[in-house]
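User: I am new to this structure and would like a close look at a single part of it. Please take one residue and its surroundings, and add what is needed to place them.

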Amino acid sequence: MSDRSYLYKTDKGSMKIFLGIIGIITGIGLSGCTNNSLFSSTGGSDSWPLFRGDASLSGYTSTRLPSDPVLLWSFKSDTRTVSSPVVNESVAYWSDRRGKIRGVDAAGELVFEYDLKTAVEATPMIHNEVLYIGRIDGFMTALSLTQKDTLWTFETWGQISASPNITQFENREAVVFGSYDNLLYCVDIQTGEEISSFESGYYLNGAAALWNSHVIFGGCDAWLRIINTQTGLPTDSLQLEAYVPASPAIRDNYCYVGDYSGNIYELKLEKGKIDQHTKIRQADNGDGSFVSVPALSADVVYVLSDERYLYAINRKDGSLRWKYMLKGNVGESSPVICHDQVIVCTKTGIVSILDTKKGELIWEYDTGEPIVGSPAIIRDHFYILTTRGTLFCFGNK
């Protein structure tokens, strides 16, 4: 057992103080992290590099969905997965619970396969032909798509369940992700060496969202935290009424996040601080919990709840614009806004496309298999991955 693991496992408080002192003395902290996103939600792309499309996890893209979607092909891996698909140059990649990474091209042909030989639940992230994936055994792996080989692995002391994010500071790039060892890590993207880490109060189950020179994340301790990526030090935090099962979503200077009890919060961000916060939806007795990530347009936040509704809530005043009841159990999938339409999947296996203005159903498809992952949207196509490991590709006729 390494000295690092001994220090963490025997005295978490000492580890937290140690990291804070090191960050202050060296000025490193989380300084490998960016103040500018490397991912954008601009339309017309052949890539969807991480599970919400951009580093702010907004779930918005200006790419339009096909005008008359039809199933072009499906690929069956016959292996269980809870991953969302990601796309790099029209090749869709995903992980499964046996540790396989697969890539399927635009014609539905398997063109990439790699066996990590350990269980995986997280959605991958792709940057510069390298796939980054967290594993249940606590390792973050950088996998070259061109060499089909592991570049580096980084060990944590708990499982990694969420997609990583990527940041940049000066000439350094870093991967940011949370673990069930309660730590948020910042790791050098080239070498896999730890730049810094920050300890939370409990498991980190969701992905971290980037906002300017800060990273925002929630945890199973019910706290939402903001870390300055220039100093590595926390700048603000907010305790919610229940734990945060998923990730926050950010657009402009506003952050939206749901807790497990069913509350939806809006936070106005200013200079690394929470300037003000409010509940735009209050949990009531009998309401379902929120376990998906909100999707944000310029004026509306879209949220899927366990009570089978997709809510469209006005960002300006928190009023309900419309709600649409979906068929069956909605599960954990997160909606995606595509210009003037919103696409949403359910655990029942149904994919629905709605008009964003009135919430009217435009198109629907029953895959016949449960879905918990989020859609991936690229030019003229979109991909849906089921829990049984079937990848569906939809496009125009």
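Analyst: What follows looks at Arg64 and its contacts, then at one sheet and at the confidence of the model.

The model is predicted. Its pLDDT averages 87 over the protein, and 87% of the residues score at least 70. Residues 1-37 stay under 50 in pLDDT, and for this stretch the model has 80 contacts beyond four places in sequence.

Arg64 sits in the loop that runs between β1 (60-61) and β2 (70-76). Is Arg64 buried or exposed? Its relative accessibility is 51%, and because exposed means over 50%, Arg64 counts as exposed. Leaving aside residues up to four places away in sequence, Arg64 touches His339 and Asp340. With His339 there is a polar contact of 2.7 Å between the two side chains. Another residue to look at beside Arg64 is Ile377: the two are 313 residues apart along the chain, while 8.7 Å separates their C-alpha atoms.

The sheet to look at is an open one of four strands, in the order β7-β8-β9-β10, and its pairing is antiparallel. Its edge strands, β7 (125-127) and β10 (149-155), each pair on one side only. From one strand to the next, the twist averages 20°. Strands of a sheet pair through backbone hydrogen bonds, in either a parallel or an antiparallel way. In this sheet, β7 pairs with β8 (residues 130-134) in the antiparallel sense, over three bridges. His127 stands opposite Val130 in β8.

Conventions: Residues are numbered from 1 along each chain as its sequence is written. Side-chain values use heavy atoms; hydrogens and water are left out. Two strands pair if DSSP finds at least two bridges between them. Helices (H or I, at least four residues) and strands (E, at least two) are DSSP runs, numbered from the N terminus. Axes are lines fitted to C-alpha atoms, for helices over the stretch in contact, and angles run from 0 to 180 degrees between N-to-C directions. pLDDT is the predictor's confidence in each residue, from 0 to 100. Contact means heavy atoms within 4.5 Å. Buried means under 20% relative accessible area, exposed over 50%, partly exposed in between (1.4 Å probe, protein chains only). A polar contact is a pair of N or O atoms within 3.5 Å; within protein, one must be able to donate a hydrogen and the other to accept it, and residues adjacent in sequence count only if both atoms are side-chain atoms.
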